Amino acid sequence: MNKEELKKIKEKSLEEHIPILMDETLAVMDKILKEKKSEKILEIGTAVGYSAICFSEYLCENGRIDTIEREEERVKQALENIKKAEVEEKIHILQGDAVEILPTLKEKYDVVFIDAAKGKYPFFLEQALRLLKEDGIIFADNILYKGYVMGEYHKHKQRTAVRNLREYIKEVTDNPGLNTQILEVGDGLAISRKIS
Ligand code: SAH
Ligand code: MG
């Protein structure tokens, strides 16, 4: 991977206010992903490819990332960035709405990273569980949504997101097949490991 290019992609994304993976969140995932050495990673929410490029470092040889993005302009930028970072052979973008694409997927993944529409997290979880290998891990970013999820007050606009993020937390916590941690790192990160 071309680290110089990755740095540029990160800086440009921050300038353009694209909500990319935060450094402290990546630092937590780094330890887990280094140990895991994944063959296949599924990402929901590519944006401009920043996190996918970061994750490509943790794949085992011939490993692959499938990443889903619905905004055409972002897909275009992501393709450019992935090329600049020299990881084209490791990252495959699926363009479209994850709500439609996920049910069509059949292969199993070592890791699923959920980082798209907050109102859809419970649905993404259901699909992630279906697509996860026996010893797989699901990460969900922005799970505490600027503190709204733990707080009392939230504006109408955020209400659906908050309700669905709370439902996600309840489901992963109650699921006896999962071992879950909710971390206050970045915008909140849920880590759920499948218990085999
Ligand atoms: N993972 C990226 C950031 C993703 S931001 C990184 O850290 O670099 C969230 C992205 O999810 C946005 O680009 C948005 O267009 C996309 N998105 C939101 N809902 C989606 C859906 N239902 N299907 C596909 N993409 C979606
Ligand atoms: Mg995020």
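## Salt bridges, ring pairs and a magnesium site

A network of salt bridges links Glu39, Asp110 and Lys133, where a salt bridge is a side-chain nitrogen of Lys or Arg within 4 Å of a carboxyl oxygen of Asp or Glu. The model is predicted, with local features needing pLDDT of at least 70 and side-chain atom pairs counting only at pLDDT 80 or more, while totals for chains, interfaces and linings use all residues. Residues are numbered from 1 along each chain as its sequence is written, chains are lettered from A and ligands numbered from 1 in the order in which they are written, and side-chain values use heavy atoms, with hydrogens and water left out.

Side chains of opposite charge can pair when their charged atoms come close. By the salt-bridge rule, the count comes to twelve. One of these joins Glu5 and Lys8, at 3.4 Å from N to O. Both residues belong to helix 1 (residues 3–15), where they are three residues apart, about one turn of the helix; helices here are DSSP runs of H or I with at least four residues, strands are runs of E with at least two, and both are numbered from the N terminus. Glu5 is buried, at 17% relative accessible area, whereas Lys8 is partly exposed at 48%. In these terms, buried means under 20% relative accessible area, exposed means over 50%, and partly exposed is in between (1.4 Å probe, protein chains only).

Helix 1 takes part in a further bridge through Lys10, whose side chain meets that of Asp23 at 2.9 Å, N to O. Asp23 lies in helix 2 (residues 23–36) and Lys10 in helix 1, so this pair ties together parts that are 13 residues apart in sequence. Both partners are partly exposed, Asp23 with a relative accessible area of 42% and Lys10 with one of 24%.

The salt bridge between Glu107 and Lys40 also has an N to O distance of 2.9 Å. This pair links distant parts of the chain, 67 residues apart: Glu107 is in the loop between helix 5 (98–101) and strand 4 (109–114), and Lys40 is in strand 1 (residues 38–44). Glu107 is partly exposed at 47% relative accessible area, while Lys40 is buried at 9%. Lys40 also lies over the face of Tyr109, at 4.2 Å from the ring centre. For such an arrangement, NZ of Lys or CZ of Arg must be within 6 Å of the ring centre and within 35 degrees of the ring normal.

Attention now turns to the aromatic rings. A pair of aromatic rings is described by the distance of the centres and the angle of the planes. A search of the whole structure finds five aromatic pairs, counting rings of Phe, Tyr and Trp (its six-membered ring) whose centres lie within 6.5 Å, with planes under 30 degrees apart called stacked, over 60 edge-to-face and the rest tilted. Phe55 and Phe113 form an edge-to-face pair, with 5.1 Å between centres and 85° between the planes. Phe55 lies in helix 3 (residues 50–55) and Phe113 in strand 4, so the pair ties together parts that are 58 residues apart in sequence. Phe55 is buried at 1% relative accessible area, and Phe113 is buried at 0%.

Tyr121 and Phe124 form a tilted pair, 6.3 Å centre to centre with 50° between the planes. Both lie in helix 6 (residues 121–131), three residues apart, about one turn of the helix. Tyr121 is buried at 0% relative accessibility, and Phe124 is buried at 2%. Ring pairs link Tyr121, Phe123, Phe124 and Tyr168 into a cluster.

Tyr121 is also among the contacts of Leu165, a residue of helix 7 (residues 156–174). Leaving aside residues up to four places away in sequence, Leu165 touches Lys118, Tyr121, Asn142, Ile143, Tyr145 and Val149, a contact being heavy atoms within 4.5 Å. Leu165 is buried, at 0% relative accessibility. From C-alpha to C-alpha, Leu165 and Pro122 are 7.5 Å apart in space, with their positions 43 residues apart in sequence. Two of the residues touched by Leu165, Lys118 and Tyr145, also pair with each other: the charged end of Lys118 sits over the ring of Tyr145, 4.6 Å from its centre.

Asn142, another contact of Leu165, helps to hold a metal. The magnesium ion (ligand 2) is coordinated by Asp115 (OD), Asp141 (OD) and Asn142 (OD1), at 2.1 to 2.2 Å. Donors are N, O and S atoms within 2.8 Å of the metal (3.2 Å for Na, K and Ca), and water is not among the atoms, so sites may look incomplete. The donor residues are spaced D-x25-D-N in sequence, and both Asp141 and Asn142 are buried.
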